[in-house]
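Dear colleague,

Here is the structure that I promised to pass on to you. Please open it beside this email, so that you can look up each residue as you read.

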Amino acid sequence: MPRILALPCQLFLLVLAAFAGCRSTPDRIFLGPQDVTMATRRGPSGDVTTWKLETMADTRLRVVREFDRERADVGVHVDELGKEAAERRGVRPYTGMLVTKVAAESAAGLAGVLVNDVVQAIDGVEVVYREQFEATIAKVAPGAKLALRVLRGQQPLEIEFAVGRVVVRATEERRIDLDIPPTPSRAYAGATLRGIPAEVCAAMYGQPRQAVVVVDVEVGSPAWLAGVRSGDVIDAVDGEPTPDVRQLTERIVARGEAGGRIRWTVRRGDGPAHEADVALYDYQRAGSTRVPLLFCEEGGTFAQSWSVGPFGLLMNSQSAYIPDKTTRETRTRSAFRAAFGLFRVKSSPTQTEVLLFWFVRFAV
């Protein structure tokens with residue numbers, strides 16, 4: 001071979017050797033819920049408790065309880081006495097609360113409180129802003145005596161009455177941390193699991209039991225292919241009651257190392273049960289292989305692709321799972337191109353589209 005051609009050929013072989021067999025990790029996609037209602041229970045007194053899974057920051061259970069609460073009611077609406085309102089009244093600004101509405105049959109109305117009165121003090125405590133007024137009234141027990149010092153025109157008055165009572169719907173919230181199992185060195189199922197404390201399970205389901213919740217699931221993983229989705233609660237494992245999350249994780253690792261299977265009965269909220277037969281294996285070993293300017297193949301849990309020719313101009317194909325957590329079905333979207341893009345085929349779960357010569361388009 002002439003010396004002038006030897007150097008370029010050697011450089012090409014070096015580049016080919018450097019890139020042939022090159023492996024990389026494709027993108028991974030995890031689906032997790034924003035806010036999933038796991039259970040709702042109604043108590044004998046009409047209170048309603050809802051358990052929701054939230055993953056905005058740390059994965060926790062948010063427990064929301066709604067109940068009827070009796071509180072004091074004086075029957076007046078007030079507004080802060082700002083500068084303009086005070087000037088109209090001819091008084092110093094921020095010296096009380098302006099009464100804007102009085103319920104006719106309320107305790108305050110029957111006692112003689114009128115619209116445009118200025119409430120300056122409650123039980124001797126001066127009030128100058130709305131939150132303070134409402135907080136002071138909230139501390140009064142229904143039926144207790146209340147003394148208002150009001151300004152009517154320029155005339156100060158003392159008005160005393162027994163406050164009324166009203167039933168309102170109140171809400172209280174608390175958050176509960178979930179049990180976190182040790183992280184396995186390899187992923188065999190593709191689902192992130194958290195354990196619900198036993199005492200919380202007893203309150204949620206009305207009976208003692210174990211429960212494990214799927215926080216998120218990797219698209220294309222064995223769990224995802226079996227129909228497991230984020231927000232699912234694992235009700236049973238291999239037909240038996242669910243063990244705690246640590247024991248379940250150990251079982252997944254043991255069977256995954258042996259290439260075995262595991263069967264989960266999962267349920268999301270009040271929906272129907274789903275039987276998920278999960279084939280466990282180390283699914284993250286996929287990568288990519290490249291022969292520069294000749295061939296490229298990439299494989300992963302979420303997407304796969306291959307191409308032939310420089311930059312895939314001769315022929316290339318891409319396919320990917322659709323990361324949809326509203327269904328347990330496995331659906332894909334793919335695209336095939338050939339002859340410098342003169343021939344293209346795109347397919348989705350709803351249709352297939354063919355493009356010829358860049359401008360002839362039809363659906364099949």
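In this predicted model, the structure holds 23 salt bridges. As background, side chains of opposite charge can pair when their charged atoms come close. One of these salt bridges is formed by the side chains of Glu 172 and Arg 65, with 3.2 Å from N to O. Glu 172 belongs to strand β11 (residues 164-177) and Arg 65 to strand β4 (residues 60-73), so this pair ties together parts that are 107 residues apart in sequence. Are these two residues buried, partly exposed or exposed? Glu 172 has a relative accessibility of 42% and therefore counts as partly exposed, and Arg 65, at 27%, also counts as partly exposed.

A second salt bridge joins the side chains of Asp 235 and Arg 267, at 3.1 Å from N to O. Because Asp 235 lies in strand β14 and Arg 267 in strand β16, the pair ties together parts that are 32 residues apart in sequence. Arg 267 is partly exposed, its relative accessible area being 32%.

The side chains of Arg 290 and Glu 298 meet in another salt bridge, with 2.4 Å from N to O. Here Arg 290 is partly exposed at a relative accessible area of 32%, and Glu 298 counts as partly exposed at 24% relative accessibility. You can also look for a network of salt bridges, which links Glu 54, Arg 62, Glu 173 and Arg 175.

Next come the sheets. One is an open sheet of 4 strands, which follow the order β2-β3-β4-β11 and pair in the antiparallel sense. Its edge strands are β2 (35-42) and β11, each of which pairs on one side only, and neighbouring strands in this sheet are turned against each other by 25° on average, with direction ignored. Strand β2 runs antiparallel to strand β3 (residues 48-54), and 7 bridges join the two; within this sheet, Thr 37 stands opposite Lys 52 in β3. Helix α5 (residues 198-205) lies across β2, β3, β4 and β11, and runs at about 65° to β2.

Another open sheet has 8 strands in the order β18-β19-β20-β21-β22-β23-β24-β25, again with antiparallel pairing. At its edges stand β18 (288-291) and β25 (360-363), and each has a single partner strand, so one side of each is left without a neighbour in the sheet. The average turn between neighbouring strands of this sheet, direction ignored, is 5°. Strand β22 (residues 332-338) pairs with strand β23 (residues 343-347) in the antiparallel sense over 5 bridges, and Ala 338 stands opposite Phe 343 in β23.

Finally, there are the nonpolar cores. In soluble globular proteins, nonpolar side chains tend to be buried together. Which members of the largest nonpolar core touch the most other members? Of its 27 residues, these are Leu 193, Ile 234, Leu 248, Ile 252, Ile 262 and Trp 264. The elements that give two or more residues to this core include β12 (191-196), β13 (211-218), α7 (245-257) and β16 (261-267). Leaving aside neighbours within four places in sequence, Leu 248 is in contact with Leu 193, Val 212, Ile 234, Val 237, Pro 243, Ile 262 and Trp 264. Apart from this core lies another, of 21 residues, among them Ala 72, Met 97, Val 127 and Leu 146.

With best wishes

Note on methods:
Residues are numbered from 1 along each chain as its sequence is written. This is a predicted model: local features need pLDDT of at least 70, side-chain atom pairs count only at pLDDT 80 or more; totals for chains, interfaces and linings use all residues. Side-chain values use heavy atoms; hydrogens and water are left out. A nonpolar core is a set of buried Ala, Val, Leu, Ile, Met, Phe, Trp, Tyr and Cys residues joined through side-chain atoms within 4.5 Å. Buried means under 20% relative accessible area, exposed over 50%, partly exposed in between (1.4 Å probe, protein chains only). Contact means heavy atoms within 4.5 Å. A salt bridge is a side-chain nitrogen of Lys or Arg within 4 Å of a carboxyl oxygen of Asp or Glu. Two strands pair if DSSP finds at least two bridges between them. Axes are lines fitted to C-alpha atoms, for helices over the stretch in contact, and angles run from 0 to 180 degrees between N-to-C directions.
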